[in-house]
Amino acid sequence: MLKIGRGAEAPPFMVMDVIAAANANQAALPVGHPHVIRMEVGQPSTGAPAGARDAAAAALRGGDALGYTEAFGRSSLRARLARHYADWYGLDLAPARIAVTMGASGAFPLAFLAAFDRGDRVALAAPFYPPYVNILTALGLEPVILETGPADRFQPTPAMLAALDPPPAGLIVASPCNPAGTMLAPAELRALAEWCDANGVRLISDEIYHGLHYARPIATAAAYSDSAIVINSFSKYFSMTGWRVGWMVLPADLCRPVECLAQNMFISAPHIAQIAAEAAFDCTPELQANVARYRRSREHLLATLPAAGFPDIAAADGAFYLYADVTARTNDAQVFCARMLAETGVAASPGLDFDRTRGNRFVRFSYCGPEADMQDAAARLTRWT
Ligand SMILES: Cc1ncc(COP(=O)(O)O)c(C=O)c1O
């Protein structure tokens, strides 16, 4: 019998299974029947902004071979990203600290491999974005789960970290986070960053939902710590999921190690996608129109879902998720979501993917779909109560 490696034990990303069920449900519907409303997916329905698509089209028509770029990406994109930190956060960052990656997903293994050793403990709050735990585990690192709740906005605190024995080697935070949609206040992020620096803990801050925040200000960990790793992407605010471009802000000590890893693992992010991503910075009105749509859908759902039997929703600070505690209605969110899909045609994600101990009491609704669909979903769920 041949050996099978640790990586082969990575569990599925269950949301993908819910997507498959929603697809099957849609395909089985008779013609003219109301369509399935997709609130299980965490990707904007809008596609890349027009300016990004135009830049990609022009690059395709041009003579450039669009071969590999340097491992850390096109220098013009890195410079533009540095400017983005000045524009959004008032931060002066050297482009040399910015690495363009294959989405945020491509940044995770680079960050984890560069920062940690086999067996190292890495803390993170539950509920969490499932690939954090699955990638850590596949790499032989040990996720240490911090059980958070509404009182701490589903975010970790320095006190939770201080209580860990032995202390972790790293901490992953996300603000706004997936699935809860909650945020750390800038002072809370600063406190975590300072605690990590004081205790020799490497902070990894997933800032992929920056730009999609409705009630609280954003802050980047790069402002509070020179040793933190910041991860971000063009997938969410920039609406470019399938283009597979993200980036990292690296501490000086990790620039060369991550570059070497990136050279070996990915060579470079897709060249044409990097060109499109750079152009996306000039598409602010279109991107802000997307944010305005999310904001309206969020407000409508927050106003209607409580009376539709979802009164207990996590503070919806950002991203495009509502994380609802459905304890009063079920103790099996998977069965609940399957029934909701069958009876209302609204697909949502059961919480088990995000929290292996308490997730069966939670459902995640994503509101990045078309605005009319979000209104229809609220109406269908209200009738279903
Ligand atoms: C919190 C979080 N981080 C990272 C990712 C992965 O993003 P990317 O498309 O850039 O790989 C996602 C995708 O949903 C996410 O929700």
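## Exercises on a sheet and a ligand site

In this predicted model, Leu322 stands opposite Phe365 in strand E12.

**Exercise 1.** Work out which strands form the open sheet and which of them are edge strands.

Solution.
- Step 1. Start with the pair of strands E9 and E12: E12 spans residues 362–366, and five bridges join E9 to E12. These two strands run antiparallel.
- Step 2. Add the remaining strand. The open sheet has three strands in the order E9-E12-E11, with antiparallel pairing.
- Step 3. Find the edges. Strand E9 (321–325) and strand E11 (349–350) each pair on one side only, so they are the edge strands.

**Exercise 2.** Describe the shell of residues around the ligand: how many are there, and what kinds are they?

Solution.
- Step 1. Count the shell: 14 residues surround the ligand. The closest are Ser105, Asp206, Tyr209, Ser233 and Ser235.
- Step 2. Sort the shell by type. Six residues are nonpolar, five are polar and three are charged.
- Step 3. Ask where the largest share comes from. Helix H4 (residues 103–115) supplies it, with four residues.

**Exercise 3.** List polar contacts of the ligand, then state how much of the ligand the protein covers.

Solution.
- Step 1. Apply the cut-off: a polar contact is a pair of N or O atoms within 3.5 Å.
- Step 2. Take the oxygen atoms of the ligand. One is 2.6 Å from an N or O atom in the side chain of Ser233, and one is 2.7 Å from a polar backbone atom of Ala104.
- Step 3. Take a nitrogen atom of the ligand: it is 2.7 Å from an N or O atom in the side chain of Asp206.
- Step 4. On its own the ligand has 400 Å² of accessible area, and the protein covers 93% of this.
- Step 5. Place the ligand: the space it takes is the largest pocket.

Key
Residues numbered from 1 in each chain as written. Predicted model: local features only at pLDDT ≥ 70, side-chain atom pairs only at ≥ 80, totals over all residues. Heavy atoms only, no water. Near = heavy atom within 4 Å. Polar contact = N/O pair within 3.5 Å; in protein donor to acceptor, adjacent residues only side chain to side chain. Areas by Shrake-Rupley, 256 points an atom, 1.4 Å probe, with all protein chains shown as cover. 1 Å grid on protein atoms, 1.4 Å probe; cavity = no way out; pocket = protein on both sides within 12 Å on 5 of 7 lines; lining within 4 Å. Sits in = over half its atoms within 2 Å of the grid points. Nonpolar A, V, L, I, M, F, W, Y, C, P; charged D, E, K, R; others polar.
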